[in-house]
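Work through the exercises below with the sequence and the 3D structure open. Try each task before you read its solution.

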Amino acid sequence: MALAQTPDLNTLIPQGGSSAAARIIQMVALLTILSVAPGILIMVTSFTRFIIALSFVRSGLGLQSTPANLVLISLALFMTFYVMAPTFDRAWQDGIAPLMDNKIDEKAALPKIVEPFRQFMLKQVRDKDLRLFEDLAPPDLKPPPTTKTGPAPEVEIRILVPAFMISELRRGFEMGFLIALPFLVIDIVVSTLTMSMGMMMLPPSVISLPIKVMFFVLVDGWNMLIGSLVRSYN
């Protein structure tokens, strides 16, 4: 007889709460967000700029797998946590913590969680990129004209996120160019010397690789690079 009973899902929901169907939809939405969390981390934080710059360092040195991808990604990840700590703290204190304490519901918590990330992106995005996506937006989705110095609520998150991403890509490649330039000069000098000495069969990379590594170590390259990347967000 017990196995024949059909439980009512609504009895599992506290009185005054949402219906069972609404709770199921909320759980599915939560699991979806958690599954795409790495993508969200890349889209709305400083991770993109960091990993691009670190990749240029490895390419400029001419090293194929040193440091390993795991090392570079871990370093970029912890640097992201360091730079984004104030933003994460605000999102936790204003939105997540009150939601977990049942002081506010999900509808009220979501804007409070998103707002710190919106303000962070507004400080870093370029006006040109914002105008690009505002112009590309469909007429029914176009917000009022905005700039990065305007009020944060006026900027649609659907416009702000892609504009912020291409701004980060641009700055990452700008820093990558400045990183790769000294290594390129070393490669050119070594190639010229080997050609002038008649060593045609000796690959210039055999000589330039230890020189570039020694140069990067002597100038304390990691300290300079990480410091510059973090200061770029001040």
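**Confidence and conventions**

The mean pLDDT of the chain is 78, and 81% of its residues reach 70 or more; pLDDT is the predictor's confidence in each residue, from 0 to 100. This is a predicted model, in which local features need pLDDT of at least 70 and side-chain atom pairs count only at pLDDT 80 or more, while totals for chains, interfaces and linings use all residues. Residues are numbered from 1 along each chain as its sequence is written, and side-chain values use heavy atoms, with hydrogens and water left out.

**Exercise 1. The chain as a whole**

Task: State how many helices and strands the chain has, and what share of its residues is buried.

Solution. Step 1: Helices (H or I, at least four residues) and strands (E, at least two) are DSSP runs, numbered from the N terminus. The chain has ten helices and zero strands.

Step 2: Buried means under 20% relative accessible area, exposed over 50%, and partly exposed in between (1.4 Å probe, protein chains only). Of the 234 residues in the chain, 31% are buried.

Step 3: Contact means heavy atoms within 4.5 Å. Among the contacts with a separation of 6 or more, 68% join residues 24 or more positions apart.

**Exercise 2. A stretch to read with caution**

Task: Which contacts does the model have for residues 12-17, and how many are there beyond four places in sequence?

Solution. Step 1: Over residues 12-17, pLDDT stays under 50. Step 2: The model has four contacts for these residues beyond four places in sequence. Step 3: Where pLDDT is low, the predicted coordinates should not be read in detail.

**Exercise 3. The sides of helix α7**

Task: Find which residues of α7 are buried and where the exposed residues Lys128, Asp135 and Leu136 sit.

Solution. Step 1: Helix α7 spans residues 127-136, and its residues Asp129, Leu130 and Glu134 are buried. Step 2: These three cover an arc of only 135° around the axis, which puts them on the same side of α7. The arc is that of the directions from the helix axis to the C-beta atoms.

Step 3: Lys128, Asp135 and Leu136 are exposed, on the face of α7 turned away from its buried side. Step 4: The buried residues of α7 pack against α8.

Step 5: Ser167 is found in that helix α8, which covers residues 157-196. Ser167 counts as buried because its relative accessibility is 0%. Apart from neighbours within four places in sequence, Ser167 is in contact with Gln124, Val125, Arg126 and Asp129.

**Exercise 4. Three salt bridges**

Task: Describe the salt bridges Glu115 with Arg118, Asp129 with Arg126, and Lys212 with Asp187.

Solution. Step 1: A salt bridge is a side-chain nitrogen of Lys or Arg within 4 Å of a carboxyl oxygen of Asp or Glu. By this rule there are six salt bridges. Side chains of opposite charge can pair when their charged atoms come close.

Step 2: The side chains of Glu115 and Arg118 meet at 3.3 Å, N to O. Glu115 and Arg118 are three residues apart in helix α6 (residues 106-124), so about one helical turn separates them. Both Glu115 and Arg118 are buried.

Step 3: Asp129 and Arg126 meet at 3.1 Å, N to O. Asp129 is buried, with a relative accessible area of 5%, whereas Arg126 is partly exposed at 22% relative accessibility.

Step 4: Lys212 and Asp187 meet at 3.3 Å, N to O. Lys212 lies in helix α9 and Asp187 in helix α8, so the pair ties together parts that are 25 residues apart in sequence. Lys212 counts as buried at 5% relative accessibility, and Asp187 is partly exposed with a relative accessible area of 24%.

**Exercise 5. An unusual backbone angle**

Task: Which sign does the phi of Asp220 have, and where is Asp220 found?

Solution. Step 1: Most residues other than glycine have a negative phi. Step 2: Asp220 is not a glycine, yet has a positive phi of about 55°. Step 3: Asp220 is found in the loop between α9 (204-218) and α10 (221-231). At 42% relative accessibility, Asp220 counts as partly exposed.
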